[in-house]
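Open the model in your viewer and keep the selection tool at hand. Each stop names what to pick and what is there.

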Amino acid sequence: MPFTPEQAVVVVRDLLAPAYVKEHPLTKGVIASIPEAKADYKPDDLSRTAIDLAWHIVAAECRFLNAVVAGAFDFSGGTRPEKMRKPMDVVKWYSSAFGAAIERVKALDGEELLRPIDFRGIFNFPAYAYLQSGISHSIHHRGQLSTYLRPMGGRVPSIYGESYDSRQAREKGAGQA
């Protein structure tokens, strides 16, 4: 049974938007953990570089959020801009773009959240449904990017609990007291 406009608002306000807000710092933490000198690392010729994967994550996430607001997907901007050379460039852009996009999503009414949106002629879901797709996409690729970190000489941050690297740092810090 489809949602009513009121139910769509509750699902977005109480479940999906808070999930995005909770995931946002985790994604920034993984991207910020990319060693700057190794941003062009990729584990295989068919893989994206770390910096390109970081850009893909944040650009696609904002694309999903903005599509829900606009009622249509804008597939431009998929290629990493030349000025996005360092992991912190991506983090700074993401912080700004995400904040504006999530606030616009939170302001949508039920009718806007139920409006069908076409996705490349493959899907035609209500707008709110793309919020789950967008966050799943980000989590998937963030996990992929986190597997690049150690081979690049980076440290894996805590994501859904303490990582080995964050535990080592905590234990090292406790021993200094």
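Select Ser163 to begin. This is a predicted model, and in it Ser163 counts as buried, because its relative accessibility is 11% and the cut-off for buried is under 20%. Ser163 sits in the loop between α5 and α6 (164-174). Show its contacts, leaving aside neighbours within four places in sequence: Val156, Pro157 and Ser158. Now add Glu111 and draw a distance between the two C-alpha atoms. Ser163 and Glu111 are 52 residues apart along the chain, and their C-alpha atoms are separated by 42 Å.

**The whole chain**

Zoom out and colour by secondary structure. The chain has six helices and two strands. Follow the chain along the sequence and the pattern reads α-α-α-α-β-β-α-α. The C-alpha atoms fill a box of roughly 55 × 40 × 25 Å, taken along the principal axes. How much of the chain counts as buried? Of its 177 residues, 40% do. Turn on contacts between residues at least 6 apart in sequence: 70% of them join residues at least 24 apart.

**Helices α1 and α3**

Select residues 5-32 for helix α1 and residues 87-106 for helix α3. Their axes come within 10 Å and cross at roughly 175 degrees. An angle over 145 degrees counts as roughly antiparallel, so α1 and α3 are roughly antiparallel to each other. Show the side chains where they meet. On the α1 side, pick out Val12, Ala17, Tyr20, Val21, His24, Thr27, Lys28, Ile31 and Ala32. On the α3 side, the partners include Pro87, Met88, Val90, Val91, Tyr94 and Phe98. Further α3 residues in this contact include Ile102, Val105 and Lys106. Colour the contact by class: 14 residues are nonpolar, three are polar and two are charged.

**Helices α2 and α5**

Next, select residues 129-149, which form helix α5. Add helix α2, residues 50-70. The axes of α2 and α5 are 9 Å apart, and the helices pack at an angle of about 170 degrees. This pair is therefore roughly antiparallel too. From α2, the residues in the contact include Leu53, His56, Ile57, Phe64, Leu65 and Val68. From α5, look for Tyr130, Leu131, His137, His141, Arg142 and Tyr148, among others. What is the make-up of this contact by class? It has twelve nonpolar, seven polar and two charged residues.

**The largest pocket**

Keep α2 on screen and show the surface. The largest pocket holds about 190 Å³ of space. Select its lining: Trp55, Ala59, Cys62, Arg63, Asn66, Ala67, Ala70, Ala72, Asp74, Ser76, Gly77 and Trp93. Which element gives the most to this lining? Helix α2 does, with seven residues. By class, the lining has seven nonpolar, three polar and two charged residues.

**Val69**

Stay on helix α2 and select Val69. This residue is partly exposed, with a relative accessible area of 22%. Leaving aside neighbours within four places in sequence, Val69 is in contact with Ala101, Arg104, Val105, Leu108 and Arg115. One of these, Val105, also belongs to the α3 side of the contact with α1. Then draw a distance from Val69 to Lys22. They lie 47 residues apart along the chain, with 20 Å between their C-alpha atoms.

**The two strands and their loop**

Move to strand β2 and select Phe123. Phe123 counts as partly exposed, at 39% relative accessibility. Beyond its neighbours within four places in sequence, Phe123 is in contact with Ile117, Asp118 and Tyr130. Tyr130 has appeared before, on the α5 side of the contact with α2. Add Glu103 for a distance check: Phe123 and Glu103 are 20 residues apart in sequence and 25 Å apart in space, C-alpha to C-alpha.

For the last stop, select Arg120. It is found in the loop between β1 (116-119) and β2 (123-126). Is Arg120 buried or exposed? Arg120 is exposed, with a relative accessible area of 55%. Check its backbone as well. Most residues other than glycine have a negative phi. Phi of Arg120, however, is near 55 degrees, a positive value.

Definitions and conventions. Residues numbered from 1 in each chain as written. Predicted model: local features only at pLDDT ≥ 70, side-chain atom pairs only at ≥ 80, totals over all residues. Heavy atoms only, no water. 1 Å grid on protein atoms, 1.4 Å probe; cavity = no way out; pocket = protein on both sides within 12 Å on 5 of 7 lines; lining within 4 Å. Points joined across faces, edges and corners; volume = space filled by probe spheres on them. Helix = DSSP H or I, 4+ residues; strand = E, 2+ residues; numbered from the N terminus. Nonpolar A, V, L, I, M, F, W, Y, C, P; charged D, E, K, R; others polar. Axes fitted to C-alpha atoms, helices over the stretch in contact; angles between N-to-C directions. Parallel < 35°, antiparallel > 145°, perpendicular 65-115°, else oblique. Contact = heavy atoms within 4.5 Å. Buried < 20%, exposed > 50% of the residue type's maximum accessible area, 1.4 Å probe, protein only.
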